[in-house]
Amino acid sequence: IGFFEAAYKGAQEASKEIKDDIKIIYTGPVTPTAEGQIEIVNSLISQRVDAIVISANDSDALVPILKKARQRGIKVVSFDSGVAEPGRDVHLNPSSNELIGQINVDLASDAVKASNSDSGDIAILSATPTATNQNIWIEKIKELLPQHPELNLVATVYGDDLADKSYREAQGLIKT
């Protein structure tokens, strides 16, 4: 996923600025699930890393294992999709949730207007139903929709962070 590739590249660049011998372990689960992330966190605890930086597939499911990491002196930072507070030391948002919601609505409205229509049906294809950040963005979008009578939200579906499933979901939305 391009966003995480960019975050990894940024971490590598920052580590060089801070100290040359910082080792960055960039990894993710084979399947995009909390269970997969829990396995990885267990492995990182065993490796006695100094810190774990994570974007949660499920904000609550990761709390017990990340509490264990913190009890062992490992700093935990969540970013993008946050871990619930008891499982982290700090959370970093890459942007304002309100701004992301507003930009999505504005883009949808612009697309409807560009098609020379007075109104249009829109749908949301999101990553996973447990992605904290995306659920907040969806909530913000829904809060803003009454200000845009030209937009009619017809569905919210999830691709579960899987390219093939996301493609199928998008095709289904287009056909519908």
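**Helix 3**

I began with helix 3 (residues 63-71) and looked up which of its residues are buried: V63, I65, L66 and A69 are. I should say early that this is a predicted model. Next I checked how those four sit around the axis. They span an arc of only 165 degrees, so they lie on the same side of helix 3. A general point helped me here: an α-helix has 3.6 residues a turn, so residues three or four places apart point the same way.

What covers that buried side? I found that the cover includes helix 2 (34-46), strand 1 (51-54) and strand 2 (75-79). On the face turned away from the buried side, I noted the exposed residues P64 and Q71. After helix 3 comes G73, and I wrote down its positive phi, near 85 degrees.

**The sheet**

Then I followed the strands. I found an open sheet of three, in the order 1-2-3, with parallel pairing. Strand 1 and strand 3 (90-92) are the edge strands, each pairing on one side only. From one strand to the next, the twist averages 20 degrees. I looked closer at strand 2 and strand 3, which run parallel and are joined by three bridges. For S78, I found the bridge partner H91 in strand 3.

**K140**

My last stop was K140, which has its place in helix 5 (residues 132-144). Is K140 buried or exposed? Its relative accessibility is 16%, and buried means under 20%, so K140 counts as buried. Leaving out residues up to four places away in sequence, I saw that K140 touches N97, E98 and G101. With E98, the K140 side chain makes a side-chain polar contact of 3.5 Å.

Methods
Residues numbered from 1 in each chain as written. Predicted model: local features only at pLDDT ≥ 70, side-chain atom pairs only at ≥ 80, totals over all residues. Heavy atoms only, no water. Helix = DSSP H or I, 4+ residues; strand = E, 2+ residues; numbered from the N terminus. Buried < 20%, exposed > 50% of the residue type's maximum accessible area, 1.4 Å probe, protein only. Polar contact = N/O pair within 3.5 Å; in protein donor to acceptor, adjacent residues only side chain to side chain. Contact = heavy atoms within 4.5 Å. Arc of directions from axis to C-beta. Pairing = 2+ DSSP bridges. Axes fitted to C-alpha atoms, helices over the stretch in contact; angles between N-to-C directions.
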